[in-house]
Amino acid sequence: MSSQEYGELVKSISGADGISLYDICENDEIDLSEYEIIGFASGIYKGKFHPGITRFIEKHSGELKNVFLVYTSGSGALSYGKKLREHIVKEGINVLDVFSCRGYDTYGIFGFFGGIAKRHPNKEDISRFSAFLDKLVADRRG
Ligand SMILES: Cc1cc2nc3c(=O)[nH]c(=O)nc-3n(C[C@H](O)[C@H](O)[C@H](O)COP(=O)(O)O)c2cc1C
């Protein structure tokens with residue numbers, strides 16, 4: 001999987017105050033010292049997040065303190081974040097929360113049928129994501 005344009009969820013927060021976006025497949029040399037919270041977003045591919053995320057976390061584990069995960073998947077399964085979350089916690093990094101919603105999926109047999117979760121992420125997913133981020137920040141500020 002090569003890097004690509006940001007997905008709908010990430011696009012929805014582009015330009016928001018206090019948020020910087022990076023495509024870590026394009027560039028993983030990022031100075032993380034000025035960021036309080038760092039999120040990783042990806043689609044789910046064969047049950048997993050994009051491998052660039054684990055590579056990045058291994059490379060920067062010493063600089064990561066509080067992270068959250070975001071993913072879209074065709075099935076909408078809530079269990080996809082579990083393995084990566086455990087992996088990150090083992091690195092001694094705090095995982096604040098995990099957000100997920102369905103994402104348009106034309107993979108394999110689903111493509112033949114015109115895809116599943118066709119209209120996702122939709123407006124409701126995006127506003128749920130926005131509320132998720134607001135809460136994350138509010139909880140940090142206490
Ligand atoms: C190669 C490939 C494998 C996928 N594997 C899964 C999967 O195991 N489970 C699932 O629910 N969705 C799967 N999907 C669907 C994607 O997770 C979904 O379309 C997601 O929204 C893609 O995000 P993106 O557009 O940011 O790449 C797969 C899609 C592709 C292209």
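This is a short walk through one structure, from its helix packing to its salt bridges, its cysteines and a few unusual backbone spots.

Before anything else, please keep in mind that what you see is a predicted model.

Let me start with two helices. Helix H2 covers residues 51–60 and helix H3 covers residues 81–90, and the two pack with their axes 11 Å apart, at an angle of about 10°. That angle makes H2 roughly parallel to H3. If you would like to find the contact on the screen, look on the H2 side for Ile-53, Thr-54, Ile-57 and Glu-58, which meet Leu-84, His-87 and Ile-88 on the H3 side. Sorted by class, this contact between H2 and H3 has four nonpolar residues, two polar ones and one charged one.

One of those H2 residues leads us to strand S1. Ser-42 is found in strand S1, and with a relative accessible area of 11% Ser-42 is buried. What is Ser-42 in contact with, once its neighbours within four places in sequence are left aside? The list holds Phe-49, His-50 and Ile-53, together with Val-70, Tyr-71 and Thr-72. Ile-53, then, appears both in this list and among the H2 residues that meet H3.

Let me turn now to charged side chains. As a general point, side chains of opposite charge can pair when their charged atoms come close. In this model the count comes to seven salt bridges, and I will speak about some of them.

Lys-59 is a good place to begin, since two of the pairs involve this residue. With Asp-28, Lys-59 forms a salt bridge in which the closest N and O atoms are 3.1 Å apart. Lys-59 sits in helix H2, while Asp-28 sits in the loop between helix H1 (8–12) and strand S1 (38–43), so this pair ties together parts of the chain that are 31 residues apart in sequence. With Glu-29, the side chain of Lys-59 meets in another salt bridge, at 2.6 Å from N to O. Glu-29 also belongs to the loop between H1 and S1, and because Lys-59 is in helix H2, this second pair ties together parts that are 30 residues apart in sequence. As for surroundings, Lys-59 is partly exposed, with a relative accessible area of 41%, and Asp-28 is partly exposed too, at 28%, whereas Glu-29, at 57%, counts as exposed.

A further salt bridge lies within a single helix, where the side chains of Lys-135 and Asp-139 meet at 2.8 Å, N to O. These two residues are four apart in helix H5 (residues 123–141), which means that about one helical turn separates them. Lys-135 is exposed, with a relative accessible area of 53%. There is also a small network, in which salt bridges that share partners join Glu-5, Glu-8 and Lys-11.

Next, the cysteines. How many disulfides does a search of the whole structure find? The result is zero, and the distance explains the case of Cys-25 and Cys-101: the sulfur of Cys-25 has its closest cysteine sulfur in Cys-101, 19 Å away, which is too far for a bond. The two residues also sit in unlike surroundings, for Cys-25 is partly exposed at 39% relative accessibility, while Cys-101 is buried at 5%.

Finally, I would like to point out some backbone features. The peptide bond that runs from His-120 to Pro-121 is cis, with omega near -10°, and Pro-121 lies in the loop between helix H4 (109–112) and H5. Ala-117 is placed in that loop between H4 and H5 as well, and its phi is near 55°, a positive value in a residue other than glycine. Lys-46 likewise has a positive phi, of about 50°, although it is not a glycine, and Lys-46 is found in the loop between S1 and H2.

Are these two positive-phi residues buried or exposed? Lys-46 counts as exposed, at 71% relative accessibility, whereas Ala-117, at 9%, counts as buried.

To close, if you take one region away with you, let it be helix H2, which packs against H3 and whose Lys-59 pairs with both Asp-28 and Glu-29.

How values were computed:
Residues are numbered from 1 along each chain as its sequence is written. This is a predicted model: local features need pLDDT of at least 70, side-chain atom pairs count only at pLDDT 80 or more; totals for chains, interfaces and linings use all residues. Side-chain values use heavy atoms; hydrogens and water are left out. Axes are lines fitted to C-alpha atoms, for helices over the stretch in contact, and angles run from 0 to 180 degrees between N-to-C directions. Angles under 35 degrees count as roughly parallel, over 145 as roughly antiparallel, 65 to 115 as roughly perpendicular and the rest as oblique. Contact means heavy atoms within 4.5 Å. Ala, Val, Leu, Ile, Met, Phe, Trp, Tyr, Cys and Pro count as nonpolar, Asp, Glu, Lys and Arg as charged, and the others, Gly among them, as polar. A salt bridge is a side-chain nitrogen of Lys or Arg within 4 Å of a carboxyl oxygen of Asp or Glu. Buried means under 20% relative accessible area, exposed over 50%, partly exposed in between (1.4 Å probe, protein chains only). A disulfide is a pair of cysteine sulfur atoms within 2.5 Å.
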